[in-house]
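Welcome! Let us take a friendly walk through this structure, one stop at a time.

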Amino acid sequence: MPLKIVSEARPNTFEFETSALIKASGFREYDARWWFGHPGSAEPPELNLIGVQALGMGLGTLIRRLGAGPDIVTGHDFRSYSLAIKLALVSGLMAAGARVKDIGLALSPMAYFAQFALDTPSVAMITASHNENGWSGVKMGAARPLTFGPEEMSALKTIVLAGDFDLVGGGCYDFVADFRKTYLDDLTRDKRIARKLKVVAACGNGTAGAFAPEALERIGCEVIPLDIELDHTFPNYNPNPEDMKMLHAIRDKVLETGADVGLGFDGDGDRCGVVDNEGNEIFADKVGVMLARDIARLHPGSTFVVDVKSTGLFNTDAALRADGAVTDYWKTGHSYIKRRVAELGAIAGFEKSGHFFFNPPIGRGYDDGLITAIAICQMLDRSPTSSMADLYRALPLTFGTPTMSPHCADELKYGVVERVVSDFQAMKQDGTVFAGQKIADLITVNGVRVVAEDGTWGLVRASSNKPELVVVVESPVSSERRRQMFEGVDAVLRRSPEVGAYNQTF
């Protein structure tokens with residue numbers, strides 16, 4: 001009898017224990033993310049362990065159909081339920097004939113590294129990244145260093161929901177011992193810095209606590225630990241370096257200890273947030289500009305890829321122009337930027353969320369928060385007379401916002417964004433004054449980035465991994481223009497009653 005796939009099932013029922021619960025909306029643009037639930041949560045789960053097993057069957061089927069072969073790396077992040085989810089996935093993979101190499105507790109970039117180190121084409125990393133407890137998901141790929149994009153995710157969704165599995169059997173399982181050491185050895189090889197840097201390493205009690213402090217110590221930093229103890233209840237704040245609560249905690253520790261820089265890592269260690277020695281919380285796109293300046297001096301004529309949420313400085317900065325740097329603005333999302341970096345042969349890609357991608361000679365093309373942290377320390381090492389705050393002040397002044405996310409249901413958010421894009425296109429065509437000026441440009445590669453005549457811009461797009469929209473605003477002119485643009489964008493959003501409250505504003 002084939003596996004019964006259902007989209008709804010209540011816990012503590014016969015159906016929940018005998019059916020594969022797997023909600024269709026969990027198959028997102030470039031990874032999978034579901035509300036798994038936890039004891040005491042009132043929200044109904046979107047996934048159960050039998051559903052995870054079905055996902056494994058589907059993934060094992062897909063990688064063979066893609067021609068990637070049966071070999072796959074898997075690992076899991078530090079959450080109370082992640083190991084169980086991984087083992088359920090493994091059982092499904094093996095039923096589909098996969099040969100599984102399990103690296104155990106891991107960061108997402110450690111799993112990506114394992115694709116190279118273990119010569120294994122495919123990867124399935126169990127992680128909810130920075131999402132709140134109760135969420136789970138899988139980051140997947142079948143062509144290193146890339147992860148799945150919409151085409152592969154759509155194929156996987158079709159296979160799983162239809163139960164169209166090739167259950168050929170013959171799978172096997174191999175646990176790879178001590179892979180943490182292999183990863184840290186590779187990460188820090190030949191990376192020792194001469195400058196004595198005092199660095200706050202903040203991990204939000206997430207998985208990075210088992211990796212980041214040691215990596216930074218190995219390159220020669222004096223590490224000041226902050227919330228590095230692994231605790232899957234996340235007792236202080238969510239491990240998310242875009243979250244102002246985490247950034248404020250890092251700022252306070254930097255100022256208390258006189259550190260040279262504060263570095264914060266998200267739940268699965270593929271992102272890095274930065275606070276300078278004066279306590280300024282530097283948004284990741286500005287960190288990207290600083291790193292791009294450092295890289296372009298070493299490698300003139302470099303190409304960089306950045307997402308549409310990022311600062312306009314990548315195009316206008318005189319220092320980058322002087323070194324012949326070229327920047328390509330592309331779709332937000334770690335898979336999109338990663339692929340674009342590979343396509344263009346760019347030396348690096350920067351995403352405002354803190355996903356940074358470095359090609360050789362810096363990295364292997366995937367996003368690793370620890371490689372980013374080491375690159376920041378090396379940048380400071382190459383600027384021995386400048387503090388992090390000095391390097392930040394050297395950037396042209398702009399007035400930006402954090403990433404702001406109003407709630408919007410997964411089933412509705414893309415329709416809302418389509419209406420917003422249409423509204424802005426009509427305003428531009430009609431020459432309507434918006435937020436005090438006419439619209440000079442609309443960038444619609446991913447949602448809409450509306451640009452005013454003075455360079456002030458606002459972005460609206462659908463979140464790829466949560467039931468939210470994403471709003472970002474920046475002005476090269478003033479904080480008043482930033483506020484004016486935000487209020488204008490928000491007024492357009494409020495035409496849609498489906499749009500809820502923001503998670504944070506400025």
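A good place to begin is aspartate 31. Leaving aside residues up to four places away in sequence, aspartate 31 touches Gly26, Val138, Lys139, Met153, His334 and Asn465. Keep in mind as you look around that this is a predicted model. You will find aspartate 31 in the loop between β2 (20–21) and β3 (32–35). Is this residue buried or exposed? Aspartate 31 has a relative accessible area of 0%, so it counts as buried. Its side chain also has a partner close in the sequence: a polar contact of 2.9 Å joins it to the side chain of arginine 33.

Now step back and view the whole protein. It is divided into domain 1 (5–181), domain 2 (190–394) and domain 3 (399–502).

Let us stop where two of these domains meet. Between the C-alpha centres of domain 2 and domain 3 there is a distance of 26 Å. On the domain 2 side, 15 residues are in contact with 14 residues of domain 3. The size of an interface is often given as the accessible area lost when the parts come together. For domain 2 and domain 3, the buried area is about 1,200 Å², with carbon and sulfur atoms giving 59% of it. Which residues of domain 2 stand out here? Phe283, Val308 and Lys309 supply 43% of the area that domain 2 buries against domain 3, more than any other three residues.

What kinds of residues does domain 2 bring to this interface? The side of domain 2 that touches domain 3 has five nonpolar, four polar and six charged residues. Across the interface there are zero salt bridges, but seven residue pairs are in polar contact.

Elsewhere, there is plenty of charge pairing to explore, as the structure holds 41 salt bridges. One of them can be found in helix α9 (residues 284–298), where aspartate 294 and arginine 297 both lie, three residues apart, about one turn of the helix. Their side chains meet in a salt bridge at 3.9 Å, N to O. How accessible is each partner? Aspartate 294 has 3% relative accessibility, so it counts as buried, whereas arginine 297, at 47%, counts as partly exposed.

Another salt bridge joins arginine 251 and aspartate 252, with the closest N and O atoms 3.1 Å apart. Here aspartate 252 is partly exposed, with a relative accessible area of 42%. Arginine 251 is partly exposed too, with a relative accessible area of 26%.

For a pair that reaches along the chain, look at arginine 495 and aspartate 423. They form a salt bridge whose closest N and O atoms are 3.1 Å apart. This pair links distant parts of the chain, 72 residues apart: arginine 495 is in the segment after α16 (479–493), and aspartate 423 is in helix α15 (residues 410–430). Arginine 495 is exposed, with a relative accessible area of 52%, while aspartate 423 is partly exposed, with a relative accessible area of 25%.

Our last stop is a group rather than a pair. Arg180, Lys181, Asp185, Glu214 and Arg218 are joined into one network by salt bridges that share partners.

Terms used:
Residues are numbered from 1 along each chain as its sequence is written. This is a predicted model: local features need pLDDT of at least 70, side-chain atom pairs count only at pLDDT 80 or more; totals for chains, interfaces and linings use all residues. Side-chain values use heavy atoms; hydrogens and water are left out. Domain bounds come from an automatic or database domain assignment. Contact means heavy atoms within 4.5 Å. Buried area is the accessible area (1.4 Å probe) that two parts lose on being put together, summed over both. A salt bridge is a side-chain nitrogen of Lys or Arg within 4 Å of a carboxyl oxygen of Asp or Glu. A polar contact is a pair of N or O atoms within 3.5 Å; within protein, one must be able to donate a hydrogen and the other to accept it, and residues adjacent in sequence count only if both atoms are side-chain atoms. Ala, Val, Leu, Ile, Met, Phe, Trp, Tyr, Cys and Pro count as nonpolar, Asp, Glu, Lys and Arg as charged, and the others, Gly among them, as polar. Buried means under 20% relative accessible area, exposed over 50%, partly exposed in between (1.4 Å probe, protein chains only). Helices (H or I, at least four residues) and strands (E, at least two) are DSSP runs, numbered from the N terminus.
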